[in-house]
Amino acid sequence: MPEPDHNPGPPQAHVVAYQHPELAGVLLCHEHGESWAGLVPLTAGDLPHGGFCGWGTSDSHVCGRALATKKPRQ
Ligand SMILES: [Zn+2]
């Protein structure tokens, strides 16, 4: 019997960002969204124009990572 494939379950590989369920427009990158329960995973199709990670600390540092959906072709 071959070993079963490691099925990742939800299509996490296609998640490009996470959206806060209550704060409209607040997006988080993978690094900051993965450890935050309750966020809504977004795929490239959900973010046609991309966005920026809005994760911030109490001392006003903001992640600001670009949540690009497509790599530039130039
Ligand atoms: Zn971030």
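**A walk through the sheet and its core**

Strands β1 and β2 run antiparallel to each other, and 2 bridges hold the pairing. This is a good place to start in the predicted model, and one bridge is easy to find: Q19 has L27 of β2 as its partner.

Now turn to the other neighbour of β1. Strand β3, which covers residues 40–43, also pairs with β1 in the antiparallel sense, here over 4 bridges. Q19 turns up again on this side, standing opposite V40 in β3. Put the pairings together and you have an open sheet of 3 strands, antiparallel, in the order β2-β1-β3. Both β2 and β3 are edge strands with a single partner strand each, so one side of each has no neighbour in the sheet.

How enclosed is β1 by the rest of the structure? Of its 5 residues, 4 are buried, so the strand is largely enclosed by what surrounds it.

That leads us to the nonpolar core. In soluble globular proteins, nonpolar side chains tend to be buried together. Here the largest nonpolar core has 10 residues: V16, A17, Y18, L27, L28, C29, L42, C53, W55 and L67. Two elements, β1 (15–19) and β2 (27–28), each give two or more residues to this core. The most comes from β1, with 3 residues.

Y18 is a helpful residue to centre your view on, being a member of that core. If you set aside its neighbours within four places in sequence, Y18 is in contact with L27, L28, G33, W36, L39, V40, P41 and L42. Among these contacts, L27, L28 and L42 are also listed in the core.

Finally, follow the chain past the sheet to R65, which sits in the segment after β3. Is R65 buried, exposed or partly exposed? It has 18 C-beta neighbours inside 10 Å, and a residue needs 20 or more to be buried, so R65 counts as partly exposed. Beyond its neighbours within four places in sequence, R65 is in contact with C29, F52 and C53. With C53 you can check the geometry directly: the two residues are 12 apart along the chain, and their C-alpha atoms are separated by 5.1 Å. Two of these contact partners, C29 and C53, belong to the core described above, which brings our tour from R65 back to where the nonpolar residues gather.

Note on methods:
Residues numbered from 1 in each chain as written. Predicted model: local features only at pLDDT ≥ 70, side-chain atom pairs only at ≥ 80, totals over all residues. Core = buried A, V, L, I, M, F, W, Y, C linked by C-beta atoms within 7 Å. Buried ≥ 20, exposed ≤ 12 C-beta atoms within 10 Å, placed from the backbone. Contact = placed C-beta atoms within 7 Å. Pairing = 2+ DSSP bridges.
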